[in-house]
Amino acid sequence: MTLNDLFPKTARFGADGLITIAGVDLNLLADTYGTPLYLYDASTINGSYSLLTELLKQNYSGKAQIAYASKAYLSLKFAKKLARTDASIDVVSLSELEIALEAGFPPERIHLHGNNKSREEIHSAIANRIGSIVIDSTDELEFVEAICEGMQVRQKIWLRINPNIAVNTHKAVQTGHGASKFGIEAANGEAEHVIRLALKSESLHLTGIHTHLGSQIFHPAEFGQAVVAMLELGKTAGFHPDVVCPGGGWGVPYTIDDPFIDPNEWIATISKAATDWCRTENCPLPELVIEPGRFMVARSGVALYRVGSTKQSQNGDWIAAVDGGMADNPRVALYGSKYEAMLVGDGSKRPVETMRLVGRFCESGDELIPAITMPRLQRGDLIAIPVSGAYQLSMASNYNLADRPCVLWVENGAVEVLQRREHAARSDWWQGE
Ligand SMILES: Cc1ncc(COP(=O)(O)O)c(C=O)c1O
């Protein structure tokens, strides 16, 4: 894997250090729209979606569905583009739900997740007749049931199970192990009990079992175990689900040292696990739903920053500060995530240094890359950080009243603004309106 491979598929690198994505020059974009600037490459996103669709077709003979985990990145214009495909969408808040609906997702292709959904969210999901509400606890089952009774409707639900499967990823994004706050415990019999309760309910229509093991996972075996655990659990409770969903979580490389593991391993493993189990038990194949977030959008996104202040610290490190940082990308501070960066333009005549690429926010943890070797940076340089499409803007903040960046969509030489740069001080929230 080379640094170029981390960029979107349409990226082209000139000998003079110039970079184009989808045929558009990054210098021109930065000059026109300012920095920090994020862009999404249409072709890379479409490619990821088509690849997963194809892999499901090749590996699974039952019905299958791809539900984009919108927490990875969502905006209305982006959602409208996705809604034109046959993708479904996973939402976890009222605003994500409203955007999915406004973007034109057919309600039956929307699934509401979350470990503490509000009455308002549940009410809106039911009123809009969305595909399923994914129940996260026994308490929530009763809460949703009571709301359905009040509204006199029968709502489709899935149950999110905690199968107690630990995966090798950052602690903060492990979600299927015993100590996780997510899902209904399978090991102590609670999940079985909840399945029986749901089956008896007149206002709830239990159709699926769901789990999500975590994020940035590169080992397929645990996904296969999770599928079997869900089907076995159903069998114990006398329920063969119409839908089995082992969530999202397939990992992507962020640096040249990270592995790239073919997503076919993920899809083939879950497909085989469901197929083998159903063949042995002589049961129909359930619909297989996957919920990719990171895999769909991470590589399509690039963050562009301008270098401002540079200095040498007392211990001799070169420090280059860019005009963004933890407010638009909190992943480094949250998870110690690693990135690569590329100077856009020709730095060939400069000394090569190991530098700290830091942000502009008032916290020492505001570093984008703690150590990177590249031509010595100077004020005005443009820096591109690849693999910036997932869990950056969706987790962005207004710390120091930073304006959230402008976001572009680039496709076949054309540029579309997905989100204008925010002006935090003028926004209703900061104005107190
Ligand atoms: C329920 C659920 N499904 C899918 C995902 C997407 O995970 P990833 O972006 O790693 O594919 C998440 C992420 O947190 C999630 O909570």
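**Exercises on strand β6**

β6, helix α4 (residues 94-103) and β7 form a right-handed β-α-β unit, where right-handed means that, with the strands pointing away from the viewer, the path from the first strand over the helix to the second runs clockwise. Helices (H or I, at least four residues) and strands (E, at least two) are DSSP runs, numbered from the N terminus. The model is predicted: local features need pLDDT of at least 70, side-chain atom pairs pLDDT 80 or more, while totals for chains, interfaces and linings use all residues. Residues are numbered from 1 along each chain, and side-chain values use heavy atoms, without hydrogens and water.

**Exercise 1.** Find the strands that pair with β6.

Solution.
- Step 1: pairing requires at least two DSSP bridges between two strands.
- Step 2: β5 (residues 64-69) pairs with β6 in the parallel sense over three bridges, and Tyr68 stands opposite Ile89.
- Step 3: β7 (residues 110-112) also pairs with β6 in the parallel sense over three bridges; here Val91 has Leu112 as its bridge partner.

**Exercise 2.** Describe the surroundings of Asp90, and state why Asp90 counts as buried or exposed.

Solution.
- Step 1: Asp90 lies in β6 and points the same way as Ser88, with Ile89 and Val91 pointing the other way.
- Step 2: Asp90 counts as buried because its relative accessibility is 1%; buried is under 20% relative accessible area, exposed over 50%, partly exposed in between (1.4 Å probe, protein chains only).
- Step 3: beyond four places in sequence, its contacts (heavy atoms within 4.5 Å) include Ala67, His111 and Glu291.
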